[in-house]
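Please examine the sequence and the three-dimensional model shown below. The paragraphs that follow lead from definitions and overall architecture to individual residues.

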Amino acid sequence: MHRLFNLSFVYGTVSLAMLSASMHAGADGLLDIKPYVAATATYDDNLFRVSGADEAQAVLGTDVMSDTVRRADVGIDADWKISRQHLLLALNLNRSRFNR
């Protein structure tokens, strides 16, 4: 039996909503800024899709087949509307941590 769990938590909509801003950028433009923060945890009990511990030992050199990945994201999306044009900016920083 294969188990894969994925838990996601997005904090940007509530905690950073007050930081979200629509500002006038000069006489023509409107600047829309949306910061966000997210955290994800994923567990996989058969990461390499081997048939069992014996095959894992033969192929990988260990009988450990599972791993948990924790990921944190922080970023900002910006949209600057100038006349009929849009300048889009998407910045994202993330860090992934693995148990093994």
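A polar contact is a pair of N or O atoms within 3.5 Å; within protein, one atom must be able to donate a hydrogen and the other to accept it, and residues adjacent in sequence count only if both atoms are side-chain atoms. The structure is a predicted model, in which local features need pLDDT of at least 70 and side-chain atom pairs count only at pLDDT 80 or more, whereas totals for chains, interfaces and linings use all residues. Residues are numbered from 1 along each chain as its sequence is written, and side-chain values use heavy atoms, with hydrogens and water left out.

Confidence is considered before the fold. pLDDT is the predictor's confidence in each residue, on a scale from 0 to 100. The chain has a mean pLDDT of 80, and 71% of its residues reach 70 or more. Over residues 11-20, however, the pLDDT is below 50, and this stretch has 14 contacts in the model beyond near neighbours in sequence, a contact being heavy atoms within 4.5 Å. Where pLDDT is low, the predicted coordinates should not be read in detail.

The secondary structure comprises 2 helices and 5 strands. Helices (H or I, at least four residues) and strands (E, at least two) are DSSP runs, numbered from the N terminus. Read from the N terminus, the order of elements is β-α-β-β-α-β-β. Among contacts between residues at least 6 apart in sequence, 60% join residues at least 24 apart. The chain exposes about 7500 Å², of which carbon and sulfur atoms supply 59%; accessible areas come from the Shrake-Rupley method with a 1.4 Å probe, and for residues only the protein chains shown count as cover. Of the 100 residues, 19% count as buried. Here buried means under 20% relative accessible area, exposed means over 50%, and partly exposed lies in between (1.4 Å probe, protein chains only).

Asp67 offers a starting point for a closer view. This residue lies in strand S4 and counts as buried because its relative accessibility is 7%. A polar atom of the Asp67 side chain lies 3.0 Å from the backbone nitrogen of Asn99. Leaving aside residues up to four places away in sequence, Asp67 touches Thr42, Tyr43, Asp44, Leu47, Phe98, Asn99 and Arg100. One of these neighbours, Thr42, is found in strand S3 and is partly exposed at 23% relative accessibility. The C-alpha atom of Thr42 is separated by 6.5 Å from that of Arg70, although the two residues are 28 apart along the chain.

Another residue touched by Asp67 is Leu47, which is placed in the loop between strand S3 (29-44) and helix H2 (53-60). Leu47 counts as partly exposed because its relative accessibility is 38%. Together with Phe48, Val59 and Leu60, Leu47 forms a nonpolar patch on the surface, with about 360 Å² of accessible area in total. Patches are made of residues with over 30% relative accessible area and no salt bridge; like charges are joined within 9 Å, and nonpolar side chains (Val, Leu, Ile, Met, Phe, Trp, Tyr) within 5 Å.

How many salt bridges does a search of the whole structure find? The search finds 4, a salt bridge being a side-chain nitrogen of Lys or Arg within 4 Å of a carboxyl oxygen of Asp or Glu. Side chains of opposite charge can pair when their charged atoms come close. One of these bridges joins Asp44 to Arg49, with the closest N and O atoms 3.0 Å apart. Asp44 is buried, with a relative accessible area of 7%, whereas Arg49 is exposed, at 51%. Another joins Asp73 to Arg71 at 3.1 Å between the closest N and O atoms; Asp73 is buried at 10%, and Arg71 is partly exposed at 35%. The side chains of Asp32 and Lys34 also meet in a salt bridge, at 3.5 Å from N to O. Asp32 counts as buried at 16% relative accessibility, while Lys34 is partly exposed at 45%.

Backbone geometry returns attention to Arg49, which lies in the loop between S3 and H2. Its phi is near 60 degrees, a positive value in a residue other than glycine. Ser83 likewise is not a glycine and has a positive phi, of about 55 degrees. Ser83 is found in the loop between strand S4 (67-82) and strand S5 (85-98), and is exposed, with a relative accessible area of 67%.
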